[in-house]
Amino acid sequence: MNKNVLKMVMTAMFTAMIFALTRFVQIPVASGYVHLGDALIYIVASVLGGPWAFFAAAVGEAMADLTSGFAVYAPATLIIKLFIALPFVIVSKKSEKILTPLTALFTILSGAITVFGYFVSDLIIDKAYAVVDIPGNVIQAVGSAVVFIIIAYAFDTAKIKKKLFMDRGFLND
């Protein structure tokens, strides 16, 4: 199979998975909901790299916003999710492992991007929610970090990145 076709198929699959984990696995909090989509963004950015991961992250989560009553946040989500994937994409070619000390630290950076990004978004959309949303976004960031670390450890134990992505040339471009 053509390598680009395989990348497009994997990107579409991960976009759908990010959408589903964001849209259908929601834990309500005072100002919105907490979901598992960000943890999968970290995984996808670590294994797909580049524009493929950016597309899956931004579009998957923006589609969840559009279909769950938070459409006003979709434009901000497109930008924020691209930025939370960025640190993981930067190091994606450097290691056969998904979970490294650096990627574990990147969960903190990406969490801060999430909290700050939605704070700024709330200042633009509705100032009254800017501070109210912070605790929910912090819970989201911490939960995503914990889930990422658990899944990344399991995937590394099974050598998923090497077998499915590196050996097939995903990260060689």
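1. Let's start just after α2, where Gly49 takes a positive phi of about 75 degrees. Please keep in mind that this is a predicted model. A second residue to look at for its backbone is Lys159, which has a positive phi of about 55 degrees although it is not a glycine. You will find Lys159 in the loop between α6 and α7. As background, most residues other than glycine have a negative phi.

2. Now for α2 itself, the helix that comes just before Gly49. Is α2 mostly enclosed or open? Eleven of its eleven residues are buried, so α2 is largely enclosed by the rest of the structure. The buried residues include Leu40, Ile41, Ile43, Val44 and Val47. Asp38, Tyr42 and Ser46 in α2 are buried too.

3. The second largest pocket brings α2 into view again, as one of the elements that each supply at least two residues of its lining. The others are α1 (3-23), α6 (133-157) and α7 (160-166). The space in this pocket comes to about 180 Å³. Its lining has 15 residues, and Phe14, Met17, Leu40, Ile43 and Phe155 lie nearest the centre. Two of these, Leu40 and Ile43, are among the buried residues of α2.

4. What is the chemical character of that lining, by nonpolar, polar and charged residues? The lining of the second largest pocket has 15 nonpolar residues, with no polar and no charged ones.

5. Next, please look at how α1 packs against α3 (residues 50-67). The axes of these two helices come within 8 Å and cross at roughly 35 degrees, and the crossing is right-handed. By class, the contact of α1 with α3 has eleven nonpolar, six polar and three charged residues. On the α1 side, the contact includes Lys7, Met8, Phe14, Thr15 and Arg23. On the α3 side, Trp52, Phe55, Glu61 and Met63 are among the residues met. Phe14 also lies among the residues nearest the centre of the second largest pocket.

6. Thr15, in helix α1, is a handy residue for viewing this contact close up. Thr15 counts as buried because its relative accessibility is 6%, and the cut-off for buried is under 20%. Leaving aside neighbours within four places in sequence, Thr15 is in contact with Phe55, Ala56, Val59 and Gly60. Those four partners are listed on the α3 side of the contact with α1.

7. Lys7 is also in helix α1. Is Lys7 buried or exposed? At 3% relative accessibility, Lys7 counts as buried. Lys7 is one of the α1 residues that meet α3. If you would like a distance to check, Lys7 and Glu96 are 89 residues apart in sequence and 18 Å apart in space, C-alpha to C-alpha.

8. Moving on to helix α4 (residues 74-91), two residues there are worth a look: Leu86 and Ile80. Ile80 is buried, with a relative accessible area of 6%, whereas Leu86 counts as partly exposed at 31% relative accessibility.

9. Which residues does Ile80 touch, not counting those up to four places away in sequence? They are Ile113, Thr114, Gly117, Tyr118 and Ser121. One of these, Tyr118, is 38 residues from Ile80 in sequence, and their C-alpha atoms are 7.8 Å apart in space. On the same C-alpha to C-alpha basis, Leu86 and Ser110 are 8.5 Å apart in space and 24 residues apart in sequence.

Definitions and conventions: Residues numbered from 1 in each chain as written. Predicted model: local features only at pLDDT ≥ 70, side-chain atom pairs only at ≥ 80, totals over all residues. Heavy atoms only, no water. 1 Å grid on protein atoms, 1.4 Å probe; cavity = no way out; pocket = protein on both sides within 12 Å on 5 of 7 lines; lining within 4 Å. Points joined across faces, edges and corners; volume = space filled by probe spheres on them. Nonpolar A, V, L, I, M, F, W, Y, C, P; charged D, E, K, R; others polar. Buried < 20%, exposed > 50% of the residue type's maximum accessible area, 1.4 Å probe, protein only. Axes fitted to C-alpha atoms, helices over the stretch in contact; angles between N-to-C directions. Left-handed = near helix turned anticlockwise from the far one by under 90°. Contact = heavy atoms within 4.5 Å.
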